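Please open the model in your viewer and keep the selection panel at hand. The stops below can be followed in order, each one beginning with something to select.

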Amino acid sequence: MAGKTIQWLDDRLGLSTIREVAGHKTVPVHSATRWYYFGGITLFLFGVQVVTGILLMFYYRPTVAEGFDSVRFIMTRVEFGWLIRSIHSWSANLLIFVAFVHMFSVVFTHAYRPPREITWATGIILLGLMLGFGFSGYLLPWNQISYFATKVGTDVAGSAPVVGAAIARILRGGEDVGAATLTRFFALHVIVLPLTTAALVGAHILLVQKNGMSTPPWIAASGVRQMKFFPNFFLREAMVWYGALAVLGALAAIFPWELGVKADPFASAPKGIRPEWYFLAQFFTLKLIPSHVWIFEGELLGIAGFGALAASWALLPVWGVNRAGEARQRLVTGAGIFLVAYLAVFTVLGYVK
Amino acid sequence: MRLAAAVILLAPAMLFSQPAKDTCVECHTAMDGVIQKPALLIKNDVHTANGLSCADCHGGDRTSGDPTVAMSKAKGFIGKPKRTAIPQLCANCHSKPDFMRHFKPQQRVDQFELYKTSIHGQRLASGDENVAVCIDCHSVHDIRAVKDPLAPVYPSRLPDTCGRCHADSNRMAKYGIPTNQLDQYHSSVHWAALKKGDLSAPNCASCHGNHGAKPPEVASVAAVCGNCHVLFAQLYAKSVHQPIFSGASGGGGCIVCHSNHGIQQPSTAMLAGPKSVCSGCHEPGTPGANTAAQMAQWIDGLGDALRHSEAVLGEADKAGMEVSEGQARVEDGRENLVKARLAMHSFEPEEMHKPIEAGMAIAKETLLAGQAALREKNVRRVGLAISVFFIAITIFAIWLVIRRLEANGSGYLEPSK
C-alpha cells in the first residue's frame with residue numbers, strides 16, 4: 001500500500017529525481033567541516049521562528065491598546081504561551097548570532113569566491129532581513145524599553161544622508177513612534193519580511209545545491225574525502241538541531257523572556273536606554289563620534305560610514321578575489337578579523353558603558 | 001547715509017533707555033565698613049531687579065552727586081528707619097494694589113494688615129522692638145523673592161529663619177515661651193519631607209501663618225492639620241474623641257496623640273505597647289485599650305500579609321515568572337492598608353475593619369498567585385529536565401545509527417588518486 005502511494009506521488013511529483021539529487025549530494029570532510037553546520041542551524045532556528053511566530057499570532061493583537069496586554073495574556077493565561085513566546089524571543093537572538101557565525105565562517109573559509117558570488121549576496125541580504133526581523137519584532141510587545149529603543153533606532157535611521165527623513169517617516173508611519181508604527185512593524189514582521197526571506201532562503205539553498213559545498217582554498221578540492229549528505233551529514237545535522245532545541249528549551253524555561261512595563265509615550269525614557277545587542281556596536285560607535293567632524297554632522301558621518309562598510313562587505317566577492325578568481329586570503333582574513341574584533345569589542349563596550 | 005540717519009533718529013531713544021543715575025550706590029560702594037555693605041548687598045535685591053533703589057525706601061535724591069543734596073531732608077531723606085516704622089515703610093508700596101500691579105499683579109497686598117493682627121505686630125504696636133519686623137524674616141538690602149531658593153523665607157529655609165529668634169533662649173526669656181520648637185521640628189516627618197525637596201511639606205508658616213503669625217488656638221488645631229490631612233480631619237471631627245480632645249475640654253486636637261512640632265512617623269506602636277499614646281487615657285485591660293490593641297493587630301496583620309505576598313511574588317519574579325498582575329494587586333492591597341489607617345481616625349472598629357478585610361483578601365489572593373507561580377517554575381524545570389533527557393536519548397540514538405551506518409566506511413567517497 002505504502003509502496004503504491006509513493007509510486008503514485010512519484011509519478012506526479014518526480015520524487016525519484018529529488019531522491020537522486022539528494023543521493024548524489026556530498027559534503028567535503030576536512031578540518032573546517034564543522035563550520036558547515038552553522039548554515040543548517042540558522043535554517044533550523046528560522047523554522048522555529050516560523051512555527052512559534054504562527055502560534056503567537058493566534059493571540060497577539062497589534063494595537064497600542066491591546067498589544068502589551070495580549071502578550072501578557074500569552075505569557076500568563078495561554079497554555080504553554082510562556083514557552084512559545086520565550087522560545088520565539090530566544091531563538092530570534094540565537095538566530096542572529098548563528099547567522100553572523102555562518103557569515104564569518106564563509107569569510108574565513110573564503111567560500112564567497114567564484115562561482116558563489118550570488119550565494120554570498122543572498123546570504124548578506126538574508127542577514128539584513130534577520131536584523132529587520134529583530135528590529136520590527138522588538139517593538140511588538142509594546143513595552144517601555146522596546147518603545148524607546150525603537151524611538152532611538154528610528155532616530156538613527158532618520159539621520160541617514162538624503163533619504164534618512166523619508167525612511168524614518170515611512171518606518172514610523174508619522175512623525176513619531178505610535179499606533180501606525182506598531183501596525184507597520186507588525187505587517188513587516190509577519191508578511192513582508194517572511195515572504196522575502198522565504199524566497200531568498202529558497203534561492204540560497206538552491207545555489208548551495210547548484211554549486212556544492214565550498215572547500216577552503218588551502219585544501220585541494222580533488223584530494224578531499226567526501227561524506228554523503230544523505231544520510232551521513234543529515235543525521236549529524238539532526239543531532240546538532242536537537243542540541244539547539246535543548247538549548248532553546250533550557251533558556252526559555254530557566255530565563256523566560258521578560259515582559260517589562262507597558263509603553264507610556266508620555267513617560268520619560270528609561271535610563272541607559274539602548275538597542276538590542278546586535279545593534280550595540282553601531283550604537284556605541286555613533287555615541288563616540290563627536291557631534292561635528294569638520295563640516296559634517298557626526299551622526300550623519302557615522303551612518304554614511306556604516307552604509308559604506310555594509311556595501312563594501314556585500315561586494316566582498318568583487319574585491320576579495322584576484323583576476324584569476326582566487327581568494328585574496330590575507331586581505332580578506334585580515335578584514336574579517338578586524339570586523340569580528342570591532343563588533344565584539346564595541347558590543348561589550350556598548351553594554352558596559 | 002541710511003546708517004547715519006538711523007543713528008541720528010535712534011540716539012534720543014538710546015539716551016532715554018540708559019538706567020537712571022544712582023549716586024547712593026556709587027558713593028557707598030566706594031566707602032568702607034558698614035556703610036558700604038548695603039551698596040554691595042543691593043545688587044542681589046529683588047527690588048533692584050525691578051528698578052527700585054535706596055532712595056525709594058530711604059528718601060533723598062539719587063541723581064545728585066552732592067551728598068548734602070542727595071541726603072537732604074528737603075529731598076525727603078529719612079536715613080535709617082526706626083524698627084517700629086519698618087512695617088509701615090514696606091506697606092507704603094506693598095499695601096498699594098495699583099503700585100504692586102506693575103510688578104506682580106497677583107501679589108497679595110494685605111501683609112501689613114495681617115502683620116498688625118499677629119503677635120509680632122501687636123507687640124510692636126505696644127512698643128516692644130524685640131519682635132520680628134519685615135526685615136527680620138526677609139532680610140534687608142538683599143531681599144530676595146520668596147521663590148528664590150536663597151531667600152530666608154524659601155520653604156526649606158523658613159524654619160531656620162524663624163528659629164533664629166525662637167530658638168534663642170535669651171531672646172525668648174522675657175516671653176516665657178519654649179525654645180525647643182526648631183529642634184523638635186528638625187526631628188519631625190514634616191522636616192524630613194521638606195529636606196528631601198518636597199516643598200509642599202509644612203514649615204512653620206503652614207500652621208502658624210506668616211505675616212499674621214500666631215500659635216493656632218487649641219480649638220483650631222484640627223482645622224489647621226486638616227488643611228493638608230483633609231480626610232483624617234473629617235473622620236476625627238465625627239469621632240468620639242473630638243469633643244473630648246477639643247479646646248473646650250482643654251484638649252489639643254490632633255496634637256494630643258501626634259504632638260505638634262516634633263511629629264513622628266505614625267505607627268501601630270502609638271496604639272498598643274509600651275509607647276502607646278492611647279494608654280495615656282485608656283488603662284490596660286479597659287475596652288478602649290483592647291480596641292486600640294485590636295486595631296494595631298489588624299494594621300500589623302495586613303501589613304505583614306502584604307509583605308509576605310510581595311516577597312513570594314518577588315521570588316517568582318526573580319525566577320523569571322510573569323507575576324506583574326499579582327504585583328499590581330499588592331498595590332491595591334496597600335491602598336486598603338492606607339484606607340484602614342485613615343479609618344482608624346474614626347475610632348470605630350467596624351469602619352476600619354472593612355478595608356482590612358478587603359486588603360486581607362487581596363493579600364491571600366496574591367500569595368496564592370505567587371505560590372502558584374513558584375510551583376509553575378518547578379513544573380517548568382521538571383519539564384525541561386524530561387525534555388532534555390529525551391532529546392539526549394534521541395541524539396544518542398542518532399549517533400548509534402551513524403556508527404552502525406559507517407561501521408564499514410560506507411557513506412564516504414575517497415578522493416580519486
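How many bridges join β1(A) to β2(A), and do these strands run parallel or antiparallel? Select the two strands in this predicted model, and you will find that four bridges join β1(A) to β2(A), with the strands running antiparallel. For one pair to look at within this ladder, pick A:Pro28, whose bridge partner in β2(A) is A:Gln226.

**The sheet shared by two chains**

Keep β2(A) selected, which covers residues 225–228 of chain A, and add β1(B), because the next step crosses from one chain to the other: two bridges join these strands, and they run antiparallel. On this side A:Gln226 stands opposite B:Leu413, while A:Met227 stands opposite B:Tyr412. With the three strands shown together, the order reads β1(A)-β2(A)-β1(B), an open sheet with antiparallel pairing. The edge strands are β1 of chain A, residues 26–29, and β1 of chain B, each of which pairs on one side only. Now add α10(A), which packs on this sheet and touches β1 and β2 of chain A, its direction making about 85° with that of β2(A).

**The contact between the chains**

Widen the selection to everything that takes part in the contact of the two chains, where 26 residues come from chain B and 28 residues from chain A. On the side of chain B that touches chain A, α22 (324–343), α23 (349–405) and β1 (412–413) of chain B each supply at least two residues. Which of the elements of chain B gives the most to this side? It is α23(B), with 14 residues. Coloured by class, the side of chain B that touches chain A shows 13 nonpolar, seven polar and six charged residues.

**Helix α5 of chain A and its neighbours**

Select next α5(A), residues 81–108, together with α10(A), residues 229–254, and look along the place where their axes come within 9 Å and cross at roughly 120°. That angle makes α5(A) oblique to α10(A), and the crossing in which α5(A) passes α10(A) is right-handed. To see the residues that make this contact, show A:Leu83, A:Ser86, A:Ile87, A:Trp90 and A:Ser91 of α5(A), and then A:Leu248, A:Leu251 and A:Ala252 of α10(A). By class, the contact of α5(A) with α10(A) has six nonpolar, two polar and no charged residues.

Leave α5(A) in place and exchange α10(A) for α14(A), residues 329–352, whose axis comes within 9 Å of that of α5(A) and crosses at roughly 155°. This makes α5(A) roughly antiparallel to α14(A). In this contact A:Phe104, A:Val107 and A:Phe108 of α5(A) meet A:Val332, A:Thr333, A:Gly336 and A:Val340 of α14(A). The residues of the contact of α5(A) with α14(A) divide into five nonpolar, two polar and no charged.

**Backbone details in chain A**

Most residues other than glycine have a negative phi, and most peptide bonds are trans. With that in mind, select A:His110, which has a positive phi of about 55° although it is not a glycine; A:His110 lies in the loop between α5 and α6 of chain A. The loop between α5 and α6 (117–139) of chain A is also the place of A:Pro115, and the peptide bond from A:Pro114 to A:Pro115 is cis, with omega near 10°. Another cis peptide bond joins A:Phe230 and A:Pro231, with omega about 0°, and here A:Pro231 is found in helix α10 of chain A.

**How confident the predictor is**

For the last stop, colour the model by pLDDT. Chain B averages a pLDDT of 89, and 92% of its residues score at least 70. Where in chain B does pLDDT stay under 50? Select residues 3–18 of chain B, over which pLDDT stays under 50 and for which the model has zero contacts beyond four places in sequence. For the complex, the predictor gives an ipTM of 0.88 and a pTM of 0.72.

Conventions. Residues are numbered from 1 along each chain as its sequence is written. Chains are lettered from A and ligands numbered from 1 in the order in which they are written. This is a predicted model: local features need pLDDT of at least 70, side-chain atom pairs count only at pLDDT 80 or more; totals for chains, interfaces and linings use all residues. pLDDT is the predictor's confidence in each residue, from 0 to 100. Two residues are in contact if their C-beta atoms, placed from the backbone, lie within 7 Å. Ala, Val, Leu, Ile, Met, Phe, Trp, Tyr, Cys and Pro count as nonpolar, Asp, Glu, Lys and Arg as charged, and the others, Gly among them, as polar. Two strands pair if DSSP finds at least two bridges between them. Axes are lines fitted to C-alpha atoms, for helices over the stretch in contact, and angles run from 0 to 180 degrees between N-to-C directions. Angles under 35 degrees count as roughly parallel, over 145 as roughly antiparallel, 65 to 115 as roughly perpendicular and the rest as oblique. A crossing is left-handed if the near helix is turned anticlockwise from the far one by less than a right angle, and right-handed if clockwise.
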